[in-house]
Amino acid sequence: MTEISTTELPNGLPLHRVRLDGTRSVTALVAFDAGARSERPEENGMAHFLEHLVFKGGEKYPTYRDVNETAERMGASLNAYTSHDLVAFHITARAEAAPQAIDLLTDFVGRPRIDTAELDRERGVVIQEIARAHDQPSMLAEHLIDEAAFGDHPLGRPVLGPAEHLRTFGRDDVVEFRERRWAGARGGAFVVGNLDAVPADGAIDELFARFPALDEPAAYDPAPPPAPGRRIEHRDSNQSHLRMSYRPSVDVADPAARAAMTIYATLLGGSMGSRLFDEIRERRGLAYSVYAFDHSFADVGVLQLSAGLESGKCGEAFARMREIVDELRADGPTEEEVERARAYAAGRRVLAFENTNAVARHAAYESIVFGGEIDPDAAIARLDAAGYDDVAAVARGISEDLAVACVGPNDEEEFAPTA
């Protein structure tokens, strides 16, 4: 059994220690419910921009060079991510370097300088990142499908934000956003892996106490009712990038229901034995890349189908992919494919959890987004326990309406509802 202990620090930040036997590494991760979903319309892109800025230095490690070279000297991997759900910062190091790694992470993330000169320099870097995303059809398709599924709602806006927003953000704006959203009560700190070198005398607590005590932020806007649309970006190319998004009728607050949805997405398009891979790629040769995945926000689930393919085959692939979802809704999956998908999904989770960083990210998502348990063994057990009826219920509850996005030389008529 995984050994887990949790304490709440005076700044309101929960500190979770997760001991994993048989590893030589440790991951420290701190995250907040301060992703793109928590932005006001005029702030879109600020959560991600702030993620960049804190790496420029804190009090003890005052420059980006101090941060980067310190991490390298301890042989550590340092990174961060911003999603609609969360902003998170993490460092993975050999176990004996855990105290130094946590000292570094909590300094520049908990006490960032946010220097004005660095802000202006980094602004240009992020604008280039936005331009690159727009130039890459597969990334642009991901932005468009969010917009098609959620419209002008924070869940429908790109995490990177528009370049015109980045040009207006000043230091005061960024600091105000951080002070409004990075509250300990809506965050969490996680130390995961080999904890032999992590002191139990409160020293680690003191490092995470570098984060200021802030008022709990207001709740974000609830997900909008379904109003799926179509977003087509015409590009003169031989390849098209197709995205299809459905709303499952799954209670995402129920971890067992989320596990069943993961198994459904796996049998639909999450493996080389899935229906989409077998039919669209192997039998018909319509696409090299075709897959499906599920994602649960705090109050709504999403099922997304994706394909990269020759543009002339896009309409046929879309029609057949939609038919496969319809067939599963009407007839249900077979017992054999549910069993195979359950074993594959659980096996993938076991392999992923060999990595301390993956366990830390899972713990952050479960605890902050859903207020649930962080035990990785429980996550695997839920997949193992999902039954045929649970997965068949997910299949029956997939919406008939869907949002569609495509980047390529295709016309909107190819994705008409009657197709």
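## A walk from pocket to sheet

Start with the largest pocket, which holds about 1600 Å³ of space. A pocket here is an open set of points on a 1 Å grid over the protein atoms alone, with protein on both sides within 12 Å along at least five of seven lines, and lining residues have an atom within 4 Å of a point. Volume means the space filled by probe spheres set on the points, which are joined across faces, edges and corners.

You're looking at a predicted model, so-called local features need pLDDT of at least 70, side-chain atom pairs count only at pLDDT 80 or more, and totals for chains, interfaces and linings use all residues. Residues are numbered from 1 along each chain as its sequence is written, and side-chain values use heavy atoms, with hydrogens and water left out.

**Inside the pocket.** Select Asp85, Phe293, Asp294, His295 and Tyr365: of the 49 lining residues, these are the closest to the centre. Now colour helix α5 (residues 137–150), which gives the largest share of the lining, 8 residues. Helices (H or I, at least four residues) and strands (E, at least two) are DSSP runs, numbered from the N terminus.

**The cavity.** Next, pick Asp33, Arg37, His84, Asp85, Leu86, Arg186, Tyr220, Ala298, Ile368 and Val369, which line the largest cavity. Its volume is about 60 Å³. In a cavity, a 1.4 Å probe fits but cannot get out.

**The sheet.** Show the strands in the order β7-β11-β8-β10-β9: these 5 form an open sheet with mixed pairing. Two strands pair if DSSP finds at least two bridges between them. Why is one side of β7 and of β9 left without a neighbour in the sheet? Because β7 (230–234) and β9 (289–296) stand at the edges, each with a single partner strand. Zoom in on β9 and β10 (residues 301–310), which run antiparallel and are joined by 8 bridges. Click valine 290 and you'll find its bridge partner in β10, alanine 307. Then add helix α10 (residues 275–283), which packs on the sheet and touches β9 and β10 (contact: heavy atoms within 4.5 Å). The direction of α10 makes about 155 degrees with that of β9, using lines fitted to C-alpha atoms, for helices over the stretch in contact, with angles from 0 to 180 degrees between N-to-C directions.

**Last stop.** Select glutamate 43 and arginine 180, whose side chains meet in a salt bridge (2.7 Å, N to O). The cut-off is a side-chain nitrogen of Lys or Arg within 4 Å of a carboxyl oxygen of Asp or Glu. Glutamate 43 sits in the loop between β3 (25–32) and α1 (46–54), and arginine 180 in helix α7 (residues 171–181), 137 residues apart.
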